[in-house]
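Here is a short report on a protein chain, written for someone who likes to look at the coordinates while reading. Please have a look at the model first.

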Amino acid sequence: MQTLKLKAHIDTNGMLQLQMPPEVKDMDVEILVAFEPKAEEKKVKTAVAKGWQPGFFEKVIGGWQGEPLVREEQGEYEIREELL
């Protein structure tokens with residue numbers, strides 16, 4: 001068994017292209033793939049990538065200018081019958 005360590009990029013379709021060294025051409029091989037995302041590649045999707053308009057959150061955060069919002073009293077918790 002031989003190992004081959006390399007850095008690669010998986011495209012947006014989830015495709016990974018792997019080019020093997022020339023000495024293993026024209027032969028059957030068994031492939032085992034183990035991967036670990038690189039720390040800097042663990043990206044959090046931006047708001048724009050999630051479909052929000054650019055600058056949306058900057059415009060609305062802290063934008064309430066009416067009377068202060070007040071949470072009303074929640075009342076008593078309803079006691080329900082136990083499920084069987």
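The text below goes from the whole chain to two single residues.

Keep in mind that this is a predicted model. The protein chain has one helix and zero strands. Its radius of gyration is 27 Å, well over the 12 Å that the globule rule gives for 84 residues, so the chain is more spread out than a compact globule. Taken along the principal axes, the C-alpha atoms fill a box of roughly 75 × 50 × 20 Å.

How much of the protein chain is made up of buried residues? The share is 1% of the 84 residues, where buried means under 20% relative accessible area. The accessible surface of the chain comes to about 10,000 Å², and carbon and sulfur atoms account for 54% of that area. As for charges, the chain carries 11 positive and 16 negative ones, and the mean positions of these two groups are 11 Å apart.

Now for two aspartates that you may like to find in the viewer.

| Residue | Place | Relative accessible area |
|---|---|---|
| Asp-26 | segment before helix H1 (56–60) | 81% |
| Asp-28 | segment before H1 | 81% |

Asp-26 is exposed, and so is Asp-28. The backbone of Asp-26 is worth a look too: phi is near 55°, a positive value in a residue other than glycine. For Asp-28, a distance can be added: C-alpha to C-alpha, Asp-28 and Asn-13 are 26 Å apart in space, with a separation of 15 residues in sequence.

Technical notes: Residues are numbered from 1 along each chain as its sequence is written. This is a predicted model: local features need pLDDT of at least 70, side-chain atom pairs count only at pLDDT 80 or more; totals for chains, interfaces and linings use all residues. Side-chain values use heavy atoms; hydrogens and water are left out. Helices (H or I, at least four residues) and strands (E, at least two) are DSSP runs, numbered from the N terminus. Buried means under 20% relative accessible area, exposed over 50%, partly exposed in between (1.4 Å probe, protein chains only). The radius of gyration is taken over C-alpha atoms; the globule rule is 2.2 Å times the number of residues to the power 0.38. Accessible areas come from the Shrake-Rupley method with a 1.4 Å probe; for residues, only the protein chains shown count as cover. Lys and Arg count as positive and Asp and Glu as negative; His and the chain ends are not counted. The place of a charge is taken as NZ of Lys, CZ of Arg, CG of Asp or CD of Glu.
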